[in-house]
Amino acid sequence: MARVYVSSVIGAAADAVWDRIRDFNALPRWHPRIRDSRIEDALPGDKIGAIRNFHLQNGDNIREQLVGMSDYDLFVTYSMLEGPMPLSDYMATLRLTPVTDGNRCFIEWSAEFDCAPEDAEDLVGGIGTNVFQGGFDALKRHFGG
């Protein structure tokens, strides 16, 4: 099983960052690699079981299902149902933690998945850099950090 973990600090309160990322359908609002997104079956963007169907800027299509969310603990967990990458059993969690020293929050994004051993290094690096860190960098720009 391959694992990806990326963390950072955002120069904004956790509640403000959560407000920006909470909606499972909001990826195009905050992540620069996402072109468009829709929730299938017109479900709300915070309903467990909702499936987001989105396109990357390069046109690739991905479908992911919301499997966990907490407004109290500030996390969202989802699985990938379909996508262009050679992997399976993908499960990821994006979590915020307030930093009590200043108006900041700790953000972490992790994923586990199965893939062929020869693909693991490229997948872990690409997801960690392009998806996770790319999202963090966009949030930092948005919140002025």
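**Exercise 1. Decide whether D89 is buried or exposed, and place it in the fold.**

Step 1. D89 has a relative accessible area of 56%, so it is exposed. The cut-offs are these: buried is under 20% relative accessible area, exposed is over 50%, and partly exposed lies in between (1.4 Å probe, protein chains only).

Step 2. D89 is found in strand β6. Strands here are DSSP runs of E with at least two residues, helices are runs of H or I with at least four, and both are numbered from the N terminus.

Step 3. Check the backbone. D89 is not a glycine, yet its phi is positive, about 55°. Most residues other than glycine have a negative phi.

A note on the source: the model is predicted, with local features needing pLDDT of at least 70 and side-chain atom pairs counting only at pLDDT 80 or more, while totals for chains, interfaces and linings use all residues. Residues are numbered from 1 along each chain as its sequence is written, and side-chain values use heavy atoms, with hydrogens and water left out.

**Exercise 2. Find where A42 lies and say whether it is buried or exposed.**

Step 1. A42 sits in the loop between β2 and β3.

Step 2. Its relative accessibility is 73%, so A42 counts as exposed.

Step 3. A42 also has a positive phi, about 55°, although it is not a glycine.

**Exercise 3. Work out the strand order of the open sheet.**

Step 1. The sheet has 7 strands, in the order β1-β7-β6-β5-β4-β3-β2, and the pairing is antiparallel. Two strands pair if DSSP finds at least two bridges between them.

Step 2. Find the edges. They are β1 (2-10) and β2 (34-39), each of which pairs on one side only.

Step 3. Add the twist. From one strand to the next it averages 20°.

Step 4. Go through some of the pairs. β1 and β7 are antiparallel over 9 bridges. Within that pair, S110 is the bridge partner of Y5, and F106 is the bridge partner of V9. β6 and β7 pair over 11 bridges, again antiparallel; here L96 has I107 as its partner in β7. β3 (residues 51-56) and β4 (residues 61-70) are antiparallel over 5 bridges, with H55 opposite N61.

Step 5. Look at a turn. β6 and β7 form a hairpin with 4 residues between them, and G102 in that turn has a positive phi of about 105°.

**Exercise 4. Describe how helices α1 and α3 sit against the strands.**

Step 1. Take α1 (residues 14-21). It lies across β1, β4, β5 (75-82), β6 (87-99) and β7 (104-115), at about 145° to β6.

Step 2. Take α3 (residues 117-142). It packs on the sheet and touches β1, β5, β6 and β7, and its direction makes about 15° with that of β1. These angles run from 0 to 180 degrees between N-to-C directions, using axes fitted to C-alpha atoms (for helices, over the stretch in contact).

**Exercise 5. Trace the surroundings of S8 in strand β1.**

Step 1. Sort β1 by face. A2, V4, V6, S8 and I10 form the covered face, while R3, Y5, S7 and V9 form the uncovered one. In a regular strand the side chains alternate between the two faces of the sheet.

Step 2. S8 has a relative accessible area of 11%, so it is buried.

Step 3. List the contacts of S8, leaving aside neighbours within four places in sequence: C105, F106, I107, F136 and K140. Contact means heavy atoms within 4.5 Å.

Step 4. Pick out the polar one. The side chains of S8 and K140 make a polar contact at 2.7 Å. Such a contact is a pair of N or O atoms within 3.5 Å; within protein, one must be able to donate a hydrogen and the other to accept it, and residues adjacent in sequence count only if both atoms are side-chain atoms.

**Exercise 6. Summarise the overall build of the protein.**

Step 1. Count the elements: 3 helices and 7 strands. Along the sequence they follow β-α-α-β-β-β-β-β-β-α.

Step 2. Judge compactness. The radius of gyration is 15 Å, close to the 15 Å that the globule rule gives for 145 residues, so the protein is as compact as a globular protein of that length. The radius is taken over C-alpha atoms, and the rule is 2.2 Å times the number of residues to the power 0.38.

Step 3. Check burial. Buried residues make up 43% of the 145.
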